[in-house]
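Please walk through this model one region at a time. Keep the sequence and the coordinates side by side.

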Amino acid sequence: MFGRLQYLFPLMVKENQLQNLVSADVAVIGAGVSGASVARTLSRYQLDVVLLDKEADVAFQTSKANSGIIHAGFHHNKKYLKTELELKGNMMFDRLHRELKFPFYRCGILVVAMQQEELKYIWHLYEQGQENGVFGMEMCSREKMLELEPGLNSDVAGGLYAPSGGIIEPYLYGFTMVESAQKNGVKVVMDFNVTSADFSGNSYIIRSEDGRIVKARYVINAAGLYADEVSRIFGGEKYTIRPRKGEYYVMDRTTKARPKHVLFPVPTPVSKGILIIPTVEGTVLIGPTAEVIEDKEDLSTSTEKLHSIFDASRKMMKEVSQHDVITTFAGSRPCLSSDDFYIDVSGVAPHFIQVAGIQSPGLTASPAIGEYVKDLLKKAGCVLIGKPGFDPSLDREYRFSEVSREEADRLIHENPACGNIVCRCENISEEEIVTAIRKGHRTLDGIKFYSRAGMGRCQGGFCSYKIMKIIMRETGMRYDRITKHGKGSVLLVDEL
Ligand SMILES: Cc1cc2nc3c(=O)[nH]c(=O)nc-3n(C[C@H](O)[C@H](O)[C@H](O)COP(=O)(O)OP(=O)(O)OC[C@H]3O[C@@H](n4cnc5c(N)ncnc54)[C@H](O)[C@@H]3O)c2cc1C
């Protein structure tokens with residue numbers, strides 16, 4: 001039923017293993033979902049591709065802190081590039097899910113009108129969706145809304161149903177995209193903060209903060225919040241990325257406010273509003289807010305914003321309760337003043353492709369972004385020849401919490417570590433932690449996002465120490481080198 005555990009693709013090349021000079025045809029800067037998709041798409045061709053990121057693990061910036069929704073494509077006009085790629089990306093998820101086995105579920109989206117006047121705007125979304133070619137949308141009466149979603153506030157006036165919307169686990173999506181790219185020959189270099197670049201001959205010499213060098217003929221700038229700075233480093237177009245922060249609450253899976261569909265209110269001028277989002281793991285998210293901020297690293301949450309999330313979400317579902325909260329988090333959308341994606345061959349920097357302004361719906365659009373960039377690369381002169389032996393599929397790793405008793409017995413008999421439950425809230429075994437580590441995830445957050453250990457009710461209070469011991473045993477790392485999420489987040493230090 002499940003693929004045997006394989007440790008064939010240690011995910012990341014770390015400092016000591018890296019030659020000082022990596023030479024590639026294409027360097028992709030940024031291992032969020034945009035860069036991951038570009039790298040995987042290019043791994044189908046006979047090209048040397050290197051994926052660079054300044055963080056300790058894949059998808060550690062905006063790609064890990066979002067709503068995880070695969071949008072249906074009715075929120076924006078089709079004149080926008082983001083809408084075109086959102087529609088294409090949405091349709092690509094079934095196949096990707098089959099190939100890469102990350103959790104994905106087309107649960108459908110409901111846009112909820114609580115007042116009669118809001119129905120006018122919902123009609124507008126419906127017509128826009130029809131024009132965009134969104135499949136299967138329906139305008140719904142109050143009764144139909146309550147039939148689809150019995151937990152809705154019974155004062156609902158009506159709404160819109162879009163069955164093609166869905167939910168994914170964004171980090172596992174990012175991880176498996178990169179693992180697949182790596183399986184097909186892409187080199188992945190983490191902790192590589194690009195700080196300078198020179199174009200000479202026909203190639204860029206790209207330098208990291210710590211002096212490592214990568215040489216590449218073409219460069220893809222998929223640096224998210226920092227795309228403006230990376231563009232400046234390469235002598236590309238000048239633009240400014242403005243972070244727009246979104247704060248969330250995470251509710252335990254015991255919450256009574258667990259809708260079957262993603263629930264949207266009527267959108268505001270700057271965002272899609274405060275949503276109630278069932279996750280593929282069974283928890284529920286409420287949020288996000290939308291606040292333009294200056295500091296790209298500011299992921300703080302505030303009581304004031306979080307209260308506003310409760311007030312807004314309770315309008316749609318009265319059962320939303322503060323007692324169910326297990327944690328809060330925030331992510332920042334990398335926005336341009338055009339409010340659209342900017343994906344194009346640079347007009348000023350040679351062999352340089354911009355993938356900037358990838359705010360929402362960037363997760364949904366990401367599979368299509370990979371294809372779009374591949375076509376631009378061809379336009380820029382890069383020769384693409386199909387690679388014989390490209391393998392699109394990954395084996396599915398087992399999740400102890402999902403296997404039958406018989407399967408669990410068999411796994412434990414083969415390997416007792418399968419029966420040693422390290423994370424009690426999420427039922428994660430030692431074997432799953434070991435798999436995460438052997439895949440290259442060496443931080444507590446990387447292991448958490450890969451395996452879910454530490455994501456439950458106690459938020460790692462019980463298992464963090466045990467996981468650190470397993471990291472030390474498996475990697476030989478000292479306790480004072482183990483971090484929560486890379487640089488600047490060491491967990492234990494020697495006594496002063
Ligand atoms: C609150 C919120 C909710 C959202 N909800 C949804 C949703 O439900 N559905 C949806 O479709 N989209 C959603 N989005 C949008 C989606 O999350 C983003 O569009 C997507 O994650 C952007 O991915 P990316 O790869 O372009 O950027 P990122 O994930 O930010 O990746 C960029 C990478 O570049 C690296 N980098 C930056 N500078 C350098 C450098 N100098 N050297 C090396 N590496 C560098 C970073 O470390 C980072 O890993 C949401 C966003 C937010 C913030």
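Where is the kink in helix α8 centred? Helix α8 (residues 362-379) kinks by about 40 degrees, and the kink is centred on Ala368. The bend at a residue is the angle between axes fitted to the seven residues ending there and the seven starting there. Helices here are DSSP runs of H or I with at least four residues, strands are runs of E with at least two, and both are numbered from the N terminus.

Two notes on the source. Residues are numbered from 1 along each chain as its sequence is written. The model is predicted: local features need pLDDT of at least 70, side-chain atom pairs count only at pLDDT 80 or more, and totals for chains, interfaces and linings use all residues.

Back to α8. Of its 18 residues, 13 are buried, so the helix is mostly covered, by the rule that a buried residue has 20 or more other C-beta atoms within 10 Å of its own (exposed: 12 or fewer; partly exposed: in between; C-beta atoms placed from the backbone). Gly381 follows α8 with a positive phi, near 110 degrees. Ahead of the helix, the peptide bond from Ser360 to Pro361 is cis, with omega near 10 degrees. Pro361 sits in the loop between β20 (352-356) and α8.

Now turn to the partner of α8. Helix α2 (residues 81-100) packs against α8 at an angle of about 100 degrees, and the axes are 6 Å apart. That makes α2 roughly perpendicular to α8 (65 to 115 degrees; under 35 is roughly parallel, over 145 roughly antiparallel, the rest oblique). On the α2 side the contact includes Leu85, Phe93 and Leu96; on the α8 side it includes Pro367, Ala368 and Tyr372. Contact means that the C-beta atoms of two residues, placed from the backbone, lie within 7 Å. Axes are lines fitted to C-alpha atoms, for helices over the stretch in contact, and angles run from 0 to 180 degrees between N-to-C directions.

Helix α2 bends too, by about 35 degrees at Phe93. Its 20 residues reach 26 Å from first C-alpha to last, close to the 28 Å expected at 1.5 Å a residue. The expected span is 1.5 Å times one less than the number of residues. Among the buried residues of α2 are Leu85, Leu87, Phe93 and Leu100. The buried residues pack against β3, β4, α3 (118-132), β8, α5 and α8. Just after α2, Lys101 takes a positive phi of about 65 degrees.

Three of those neighbours make a sheet. The open sheet has 3 strands in the order β3-β8-β4, paired antiparallel. β3 (69-70) and β4 (104-105) are the edges, each with a single partner strand, so one side of each has no neighbour in the sheet. Strands pair if DSSP finds at least two bridges between them. β3 and β8 (residues 166-168) have 2 bridges. Ile69 has Ile167 of β8 as its bridge partner.

Helix α5 (residues 170-183) has 14 residues, and 13 of them are buried. Its end C-alpha atoms are 20 Å apart, which agrees with the span expected at 1.5 Å a residue. Gly185, just after α5, has a positive phi of about 105 degrees.

Next, strand β13 (residues 242-251). It is largely enclosed by the rest of the structure, because 8 of its 10 residues are buried. β13 runs antiparallel to β18 (325-335), and 10 bridges join the two. Val250 faces Thr327 in β18, and its bridge partner in β16 is Leu285. β16 (residues 284-287) is joined to β13 by 3 antiparallel bridges. β17 (residues 291-292) pairs antiparallel with β13 over 2 bridges. Between β16 and β17 lies a loop that holds Pro288. The Gly287 to Pro288 bond is cis, with omega about -5 degrees.

Which residues does Met317 touch, beyond those up to four places away in sequence? They are Gly151, Leu152, Asn153, Ala257, Pro259 and Ile276. Met317 lies in the loop between α7 (303-316) and β18. It counts as buried because it has 22 C-beta neighbours inside 10 Å. Ala257 is 60 residues from Met317 in sequence, yet 6.6 Å away, C-alpha to C-alpha.

Two backbone outliers close the tour. Most residues other than glycine have a negative phi. His351 has a positive phi of about 55 degrees, and is buried, with 21 other C-beta atoms within 10 Å. Asn427 has a phi near 60 degrees, and is partly exposed, with 16 C-beta neighbours inside 10 Å.
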